[in-house]
Amino acid sequence: MKKRKKLGFFRSLRFRIMTILIILGIVPSVVVAGVLILNYENRAIANRSANVRKQCEIIGNLLIQENYMNDTASPIVSTRIEQLANIYSGRVILVDRSFRIIKDTYGTDEGKTLISSIAIQCFKGGQANGYNRESQYIELAVPVKSPEVKQVQGVMLVYVNADEINATIREMEQNSILIIGINIVVAILLGLLLSRMLVKPLSRITKSIEDVTDGYQTGEIAVQDYTETALITEAFNKMLSRMKLLDDSRQEFVSNVSHELKTPMTSMKVLADSLVGQRGLSEDLYQEFLSDITMEIDRENKIITDLLSLVKLDKTASDVTITHVSINHMLEDIMKRLRPIADQRNIDLILDSFRQVEADVDEVKFTLAISNLVENGIKYNVDEGWVRVTLDADHKDFFVTVQDSGMGIPEDQIERIFERFYRVDKSHSREIGGTGLGLSITRSAIAMHHGNIKVASKEGEGTIFTVRIPLSYIPEEVNK
Ligand SMILES: Nc1ncnc2c1ncn2[C@@H]1O[C@H](COP(=O)(O)OP(=O)(O)OP(=O)(O)O)[C@@H](O)[C@H]1O
Ligand SMILES: [Mg+2]
């Protein structure tokens, strides 16, 4: 088992899915429980306060009737007040207009003065009540006033115990905690299940890719569980087949190179052997054999030069030498150099420039690219044929086309002509001469200029190559 670079559980899809589910499970239940408990508390306290207030008002009337504010002798009133305090397990304090306590159900503070804010508020005509959460008491101040005089004669301060309400609230809280706990457990279990379900195909993809990497599996991988995994495997399979293709072409390239380099060697060996093996040969024969050997050396030399320029072009673009030059002049020079070869077979070389074009190119590489195309146009042409080169440009790119009246390329092979060492008709091409590297060099040189090359051809009618290159050279860093 290979060591895998792990980001840890906290960065895993599994952990994220579980976290989301837990949050989704907890947050709503906490909010709902909080709101319910708060609502209950408010309503319970309001109800309790209203009840107590009602009873206080009844006792208040009795107080006035019995003139209790001036004389606390009335046993009925005292009993009623005591009863009220008992029912709510609280305390009732009665203060007169001078804030003196005339009745305290605890019996401790009678005769003392009590100045409390809710009592003052009450004397001013307001009603006051509140809830002291710390001591868990509901505080209530009820004015004592006679219906006729309308003047507040005293204030009943009632402290009612809210233990019962609090007990209910505590019970509700405990229930909520239980529900939230159950929610968390369910969320974790669901999260485990869901994440397993979601992550499993991904693990299977990883396993398959590892198997391919380790060589246990040679074919394509297939994990079709979800659209997404199907897409990943499809992309991976595409990459795999491309890599296989690259590997094949690399192997083919190596065997081609060895073969191509060996052929001239073998010829030279044969020629040299016959010279060594026979004595007293005529000088003419020597001359002939040696010139054949020279030809083979030239051929070997060309292959090596081509290979070297290809290798150079394959490297990074760091060694391009870009200058701003007239493309018209460069094409004219190319045509001038190749005209003698074309003339040998009476092939017409035509240059049509639609406008003056100046662009940023690497002179050597660009010349190489276009020369190869024109050379092919001449080589794979019929006697008395023609090769026509045109030059045009728009605001961004310039275009060079190289068209010939030659033999054309079979449709099924058009795709392959840019491959290294690829030649359409091996026997015919050999007779014409060439290594099959020309178009690879052309394509690499154009790619270096961030341009592209297209080809259209019809067998027996001719071929047209279209090259597009940006007028301004874009350095690699900007392109990325
Ligand atoms: N204009 C053309 N008309 C017909 N066939 C062509 C033309 N250009 C290229 N081809 C075909 O494509 C093949 C590859 O061309 P390429 O220029 O890469 O190699 P080559 O001409 O055989 O050798 P080299 O250019 O390296 O001397 C040629 O062998 C030929 O069969
Ligand atoms: Mg060529």
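Trainee: By class, what kinds of residues make up the shell around ligand 1?
Mentor: Keep in mind that this is a predicted model. Of the 21 residues around ligand 1, Asn376, Tyr380, Asp404, Gly436 and Leu439 come nearest. Sorted by class, the shell has eight nonpolar, eight polar and five charged residues.

Trainee: Which residue has a polar side-chain atom 2.8 Å from a nitrogen atom of ligand 1?
Mentor: Start with the polar contacts, where the cut-off is 3.5 Å between N or O atoms. Thr463 puts a polar side-chain atom 3.4 Å from a ligand nitrogen, and a backbone atom of Gly436 sits 2.8 Å from a ligand oxygen. The side chain at 2.8 Å from a nitrogen atom of the ligand belongs to Asp404.

Trainee: How much of the accessible area of ligand 1 does the protein cover?
Mentor: Gly436 contributes a polar backbone atom 2.8 Å from an oxygen atom of ligand 1. On its own, ligand 1 has 590 Å² of accessible area, and the protein's share of cover is 98%.

Trainee: And which elements give two or more residues to that shell?
Mentor: Look for helices and strands that line ligand 1, with 21 residues around it to place. Elements giving two or more residues are α6 (283-314), α8 (363-379), α10 (438-448) and β12 (462-470).

Trainee: β12 is on that list, so to speak, so where does β12 sit in its sheet?
Mentor: This is an open sheet of five strands with mixed pairing. Its edge strands are β7 (348-353) and β11 (452-458), each pairing on one side only. Neighbouring strands are turned by 10° against each other on average, ignoring direction. Reading across the order β7-β9-β10-β12-β11, you find β12 between β10 and β11.

Trainee: Which residue in β12 is the bridge partner of Thr401?
Mentor: β10 (residues 397-404) pairs with β12 in the antiparallel sense over eight bridges. Along that pairing, Val400 stands opposite Val467. For Thr401, the bridge partner is Thr466.

Trainee: On the β11 side, which residue of β12 does Val455 stand opposite?
Mentor: β11 and β12 run antiparallel and are joined by seven bridges. Lys454 stands opposite Thr466. Val455 faces Phe465.

Trainee: Which residue takes a positive phi in the hairpin of β11 and β12?
Mentor: Check the turn, which has three residues between the strands. The phi there is near 85°, and the residue is Gly460.

Trainee: What angle does α8 make with β10?
Mentor: α8 packs on this sheet and touches β7, β9 (386-393), β10, β11 and β12. α8 also gives two or more residues to the shell around ligand 1. Its direction makes an angle with that of β10 of about 25°.

Trainee: Now the antiparallel sheet: which are its edge strands?
Mentor: Five strands form this open sheet, in the order β2-β1-β5-β4-β3. The twist averages 15° from one strand to the next. Pairing on one side only are β2 (101-104) and β3 (128-132).

Trainee: Which residue of β4 stands opposite Tyr131?
Mentor: β3 pairs with β4 (residues 137-145) in the antiparallel sense over five bridges. Opposite Tyr131 you'll find Ile138.

Trainee: What angle does helix α2 make with β1?
Mentor: Two helices are worth tracing here. Helix α1 (residues 13-65) lies across β1 (91-96), β3, β4 and β5 (152-161), at about 30° to β4. Helix α2 (residues 75-87) packs on the sheet and touches β1, β2 and β5. Its direction, set against that of β1, makes about 135°.

Conventions:
Residues are numbered from 1 along each chain as its sequence is written. Chains are lettered from A and ligands numbered from 1 in the order in which they are written. This is a predicted model: local features need pLDDT of at least 70, side-chain atom pairs count only at pLDDT 80 or more; totals for chains, interfaces and linings use all residues. Side-chain values use heavy atoms; hydrogens and water are left out. A residue is near a molecule or strand if one of its heavy atoms lies within 4 Å of it. A polar contact is a pair of N or O atoms within 3.5 Å; within protein, one must be able to donate a hydrogen and the other to accept it, and residues adjacent in sequence count only if both atoms are side-chain atoms. Accessible areas come from the Shrake-Rupley method with a 1.4 Å probe; for residues, only the protein chains shown count as cover. Helices (H or I, at least four residues) and strands (E, at least two) are DSSP runs, numbered from the N terminus. Ala, Val, Leu, Ile, Met, Phe, Trp, Tyr, Cys and Pro count as nonpolar, Asp, Glu, Lys and Arg as charged, and the others, Gly among them, as polar. Two strands pair if DSSP finds at least two bridges between them. Axes are lines fitted to C-alpha atoms, for helices over the stretch in contact, and angles run from 0 to 180 degrees between N-to-C directions. Contact means heavy atoms within 4.5 Å.
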